[in-house]
Amino acid sequence: MRQFTSDELRKTWKQFYIDRGHVDVGAVSLVSDGSTGVLFNVAGMQPLMPYLLGKKHPLGTRLCNVQGCVRTNDIDSVGDKSHVTFFEMMGSWSLGDYFKEERCKWSFELLTQVFGFDADHLAATVFAGDENAPRDEEGAGFRIASGFKKENIYYLPAEDNWWGLEYGPCGPDSEMFYIADRPDCGPDCGPGCSCGKYTELGNDVFMQYEKHHDGSLTPLKQKNVDTGWGLERILAFLNGTRDVYQIDLFAPVIAYIEKASGKKYEQDENLTRSMRILADHIRTSVMLIGDEAKLLPSNVGAGYVLRRLIRRAVRHGRVLGLTAENIIRTAEIFIDDIYAESYPRLKENKAFVLSELKREIDRFESTLENGMKEFRKILALKKQAGAGGIDGKSAFYLYDTFGFPIELTVEMAQEEGLKVDEEGFAKAMEEQKQKARENQNFEAKLSVEDAALYESLDDSVVSEFVGYDALTAKSKIAAISSGTEWKDSLSEGEEGTVITYQTPFYATMGGQCADTGILTCGGSEFAVEDTVKLPGDRIGHVGRVTKGSIKTGEEALLQVNEAKRGDTCKNHSATHLLQKALRMVLGDHVEQAGSFVNGDRLRFDFSHSSAMTKEELAKTERIVNEQIGLSLPVVTQVMSIEDAKKTGAMALFGEKYGETVRVVKMGDFSTELCGGTHVGNTGEVRLFKIVSESGVAAGVRRIEALTGNGVLEYYAKLEQELAEAAAIVKTAPAELVTRLTHLMTELKTLHSENESLKSKAAKDALGDVMDQVQEVKGVKLLAAKVAGVDMNGLRELGDQLKEKLSEGVVVLLSEKEGKVNLIAMATDGAMAKGAHAGNLIKGIAGIVGGGGGGRPNMAQAGGKNPAGMDEAIAACTQVLAGQLS
């Protein structure tokens, strides 16, 4: 066998297929777009799903790549020699091109001629057949013809030799194995056996079927081949080990962990497991944060998985005695040394990746110690009670209060021989979200009913949007809906939805609010109050008849509200300028996370983990206004998605684009994929003003801003408020700052004088109380009451008396406005003998109908029963005596 580095193996794989007419399609995001029902891309074929189902791929029918994948379904197995959560899948595909014969031949060539395996030591499995699909005799025949020995072909059932995701393309697969020079472990020894004689090398999937949501299979329009070989596993095997953590993708990190922890790899089973988990989880976290999706830790979806990985890594880092800085260093090694060449994006985003990783580690560590104490407390109580596990409410408490993912609680409980009531946890979680869920389900029900109505319309009824270049259009009314049924007409006062064959009205999409306006038929008028996108490429004009009546088949004149559209265009174009400005100010990690634009204002959500500073906001605003002042031409071009990518156009992550897209270019400053409406040049925006910046979710910030007349109105209102404020303090607006500065200085002086008077009054009210000092077990105690002093006054008096006392305990009570204020203070000498101000306050507060507590040196409380003050003072002696040794 030939030895390889990871970089050599990637290049060798791709070149092998390029030499055989394949095109390298490159890798896509690790985060799934949701079309396959999973959070991450779990296989190289997943992004190619539409093309495996028959859609034409723009690069042809023979494809290859090396695709990063994330699988966490067997996360509990990570820690052994082979399991990882991130891995690279070396793949090749035939999309209706070659099939089993060529595939089997090339796999054998790759194994024997490229990787140097001895043909006598190779085995293959094929599908044995079942009630859904026949035995794959054809695949077995081509394996033998390619060079596999007949006696080394094994027929296995669907659980071993059938491949597919939850739904989509699927079919029989054929796996290849290396046979070690060792005896069989028994009569059933063969591929899949755990004895170690057979090592899986790769897998060829012959996709002949499509699996539907109901579980049924139908033949695909074209027969495809999906080949996938795990890079880490085969790299380890080619380099003479079965431990993937000893290949060059992990070895430098393991070496660093050994050095930082002082522990040796493979010297202790549990510590070695922690080393592997730490290395794997940090690698996966680095890949996810540095991915084009820029995933951030959160409590939902893929973000929750990332949070779980990081927090699990931190816990195992602590087992090894590593600090947060040590863990961050492992991430740096992955970025700078291991993946610098193969994943250059990580290097580009290094600062962002490390800062987000550190932020999540710090966030977890700030609660981890208290959480671990609470976990141990719960554990002790359960063991003491003889319980077999931790109840769901306790598990939810750890999650909700200390950020412990349920999986972490389960793992720690298992280490102590206990189970966790995960169903109870889920119930507690559901109770917290119930109200939101009910609202969501109600809305979903309505949308399903609406969709059913519009899908019943004839397929020939479609709407063409002509509003990019015109705000008026003539078109026949194709259909009218009341919302629950189709109607032939609507009369004055009736509400409904009107569908026309052509329309200049923009329907709410991509964050841009819908157009409003008017639809006229002769002397009849229909006020368009909303415009919506409907199933079947239709656009609905929602509103009411304000004059006469309208009928299906009539020709209508559609007129968009020009002023509102104009203001909406200004706000939409401003979001493009804003996104580019934010990337210039904050960094290239900034990507759009959502937006909303209408005629009044714009809202832009973007990926960034901390609040923007005043300076950053000012710089961003200045850049946008500079580009507005340049009156950059706004040019829109329609092109293929591939050509659009070549222009460097920004795309919204997770958005599904068709074969052709609109590219909006604003001079040389901004280029984005966008289907919305825009100004003709940036000068039309006139002005831009940021009015707020806030956080809306973990790692997501929001800017709200105004443009054009909105900015003028904003400043007019501000000017009015400034004038009103100036009038209140009897000065001119231009002199307001000077006047307020003078007033604040005056107020500060008066406040100081007032505090001095209050302090003097408090002293006078207290009188000379030093003769009330008593000694309790060698500690001086001064307990007294004073009339009409608030808590601040009591604290000041307490400090003064404590200083006079030199060493001891001071307790003061005061009645003010029918309520009792209590304060206790203890000197260092008194505390050394056992005095505790917080516990002393707890001991007497109940007598005056209150409660409170605090630190050993100072505590305070409030009460509702002034009549108990003398009794509370008398009780101080006994309470303090109980504290002293």
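**Two open sheets and the contacts of helix 12**

Biologist: In what order do the six strands of the open sheet stand?

Modeller: Helices (H or I, at least four residues) and strands (E, at least two) are DSSP runs, numbered from the N terminus. Two strands pair if DSSP finds at least two bridges between them. The pairing in this six-stranded sheet is mixed, and the strand order is 30-31-32-33-35-34.

Biologist: This is a predicted model, with residues numbered from 1 along each chain as its sequence is written. Local features need pLDDT of at least 70, side-chain atom pairs count only at pLDDT 80 or more, totals for chains, interfaces and linings use all residues, and side-chain values use heavy atoms, without hydrogens and water. Which strands stand at the edges?

Modeller: An edge strand here has a single partner, so one side of it is left without a neighbour in the sheet. That describes strand 30 (774-776) and strand 34 (851-854).

Biologist: What is the average twist from one strand to the next in the six-stranded sheet?

Modeller: Axes are lines fitted to C-alpha atoms, for helices over the stretch in contact; angles run from 0 to 180 degrees between N-to-C directions. From strand to strand, the twist averages 20°.

Biologist: Which residue is the bridge partner of Val820 in strand 35?

Modeller: Strand 33 (residues 819-826) and strand 35 (residues 858-863) are antiparallel, with six bridges between them. In strand 35, Val820 is partnered by Gly863.

Biologist: At about what angle does helix 24 run to strand 31?

Modeller: Two helices lie across this sheet, where contact means heavy atoms within 4.5 Å. Helix 23 (residues 837-845) covers strand 32 (809-816), strand 33, strand 34 and strand 35, at about 150° to strand 33. Helix 24 (residues 869-883) covers strands 30, 31 (779-787), 32 and 33, and its angle to strand 31 is about 165°.

Biologist: Which strands form the edges of the four-stranded sheet?

Modeller: That sheet is open and antiparallel, in the order 23-24-29-28. Pairing is on one side only for strand 23 (592-597) and strand 28 (688-697).

Biologist: Which residue of strand 29 is the bridge partner of Asp605?

Modeller: Strand 24 (residues 602-607) and strand 29 (residues 700-707) run antiparallel, joined by six bridges. In strand 29, Asp605 is matched with Arg702.

Biologist: At about what angle does helix 19 run to strand 29?

Modeller: Helix 17 (residues 614-629) lies across strand 28 and strand 29, at about 135° to strand 28. Helix 19 (residues 708-728) also lies across strand 28 and strand 29. Its angle to strand 29 is about 85°.

Biologist: How is helix 12 oriented to helix 13: roughly parallel or roughly antiparallel?

Modeller: Angles under 35 degrees count as roughly parallel, over 145 as roughly antiparallel, 65 to 115 as roughly perpendicular and the rest as oblique. The axes of helix 12 and helix 13 (residues 392-402) come within 10 Å and cross at roughly 165°. The pair is therefore roughly antiparallel.

Biologist: How are helix 12 and helix 14 placed to each other?

Modeller: The axes of helix 12 (residues 350-384) and helix 14 (residues 406-415) come within 13 Å. They cross at roughly 45°. The two helices are therefore oblique.

Biologist: Which residues of helix 14 do Phe364, Met372 and Phe375 meet?

Modeller: These three residues belong to helix 12. Phe364 and Phe375 are also among the helix 12 residues that meet helix 13. On helix 14, the residues met are Leu408, Thr409, Met412 and Ala413.
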